[in-house]
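The following paragraphs lead through one protein model, from a local backbone feature to the overall fold, the sheet, the core and the pocket. The sequence and the structure are shown first.

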Amino acid sequence: MEPKSDLLQGTLDMLILKIVALGPIHGYGIAQRIRQISKEVLQVQQGSLYPALHRLEKRGWLQAEWGEAGTGRDAKFYALTKVGRKQLEAEAANWDRLAEAVGMILRTAE
C-alpha cells in the first residue's frame with residue numbers, strides 16, 4: 001500500500017475549488033471526491049477541510065446553502081462563485097507553471 005500524500009494549504013484550496021466547480025457539493029462529498037479521483041492517493045482530513053471551506057467562503061470564492069444530504073440530515077452545500085471561478089483559473093495556471101518548473105529541475109538535476 002502506497003503512503004498517502006499531505007496537501008499544502010494552497011493546493012487544498014485549489015482542489016476544493018475544482019471539485020466544487022463540478023457542481024454544488026457538501027464537505028464530506030468534497031473529501032470523498034478528492035480521494036476517489038486521486039485513486040486514494042490524496043485524503044483530506046476534516047481538520048483541514050472544514051477550515052479551508054470556511055476560509056474560501058469568507059474570501060467570497062464559495063457560497064454555501066443548507067440542504068438535505070440524502071442521508072436524512074441537513075448539510076452545507078458549497079457552490080463556486082464567479083470570483084471563485086476566476087480564482088480557480090488563476091490557481092490552475094500557477095500550478096501548471098510550478099509543476100513545469102519542478103519537472104525541469106527534476107529532469108536536469110542528475
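A convenient place to enter this predicted model is the end of helix α2: the helix is followed by K39, whose phi is positive, near 55°. Within α2, which covers residues 27–37, the buried residues are G27, G29, I30, A31 and I34. Two of these names, I30 and G27, return below, I30 in the nonpolar core and G27 in the lining of the largest pocket.

The wider setting can now be described. The protein chain contains 4 helices and 3 strands, and their succession along the sequence reads α-β-α-α-β-β-α. Its C-alpha trace extends over about 55 × 35 × 20 Å along the principal axes. Of the chain's 110 residues, 30% count as buried. Among contacts with a separation of 6 or more, 50% are made by residues 24 or more positions apart.

The strands form an open sheet of 3 members, ordered β1-β3-β2 and paired in antiparallel fashion. The edges are β1 (25–26) and β2 (62–68), each of which pairs on one side only. In general, strands of a sheet pair through backbone hydrogen bonds, in either a parallel or an antiparallel manner. Between β1 and β3 there are 2 bridges. One sets I25 against Y78, and H26 has F77 as its bridge partner in β3. The pairing of β2 with β3, also antiparallel, comprises 7 bridges; within this pair of strands, G67 stands opposite A75 of β3. The hairpin of β2 and β3 has 5 residues between the strands, and in this hairpin G70 adopts a positive phi near 90°.

How do helices and sheet come together in the interior, and which residues of the largest nonpolar core touch the most other members? The core holds 21 residues, and those with the most contacts to other members are I16, L17, V20, I30, L49, L53 and L62. Two or more residues come from each of α1 (9–21), α2, α3 (46–58) and β3. Helix α1 makes the greatest contribution, 6 residues. V20 illustrates how distant parts of the sequence meet: leaving aside residues up to four places away in sequence, V20 touches I25, I30, L62, Y78, A79 and L80. Of these, I25 belongs to the bridge with Y78 already described.

Helix α1 also carries a charged residue, D13. Is D13 buried or exposed? Its relative accessible area is 5%, under the 20% limit, and D13 is therefore buried. Beyond its neighbours up to four places away in sequence, D13 touches A52, R55, L56 and R59.

The last feature is the largest pocket, with a volume of about 220 Å³. Its lining consists of H26, G27, Y28, Y50, A69, T71, R73, D74, A75, K76 and Y78. At least two lining residues are supplied by each of α2 and β3 (74–80), and β3 provides the largest share, 4 residues. By character, the lining comprises 5 nonpolar, 3 polar and 3 charged residues. Several lining residues have appeared before: H26 is the bridge partner of F77, A75 stands across from G67, and Y78 is both the bridge partner of I25 and a contact of V20. Strand β3 thus recurs throughout this account: it lies between β1 and β2 in the sheet order, it gives two or more residues to the core, and it supplies the largest share of the pocket lining.

Methods:
Residues numbered from 1 in each chain as written. Predicted model: local features only at pLDDT ≥ 70, side-chain atom pairs only at ≥ 80, totals over all residues. Heavy atoms only, no water. 1 Å grid on protein atoms, 1.4 Å probe; cavity = no way out; pocket = protein on both sides within 12 Å on 5 of 7 lines; lining within 4 Å. Points joined across faces, edges and corners; volume = space filled by probe spheres on them. Core = buried A, V, L, I, M, F, W, Y, C linked by side-chain atoms within 4.5 Å. Buried < 20%, exposed > 50% of the residue type's maximum accessible area, 1.4 Å probe, protein only. Contact = heavy atoms within 4.5 Å. Pairing = 2+ DSSP bridges.
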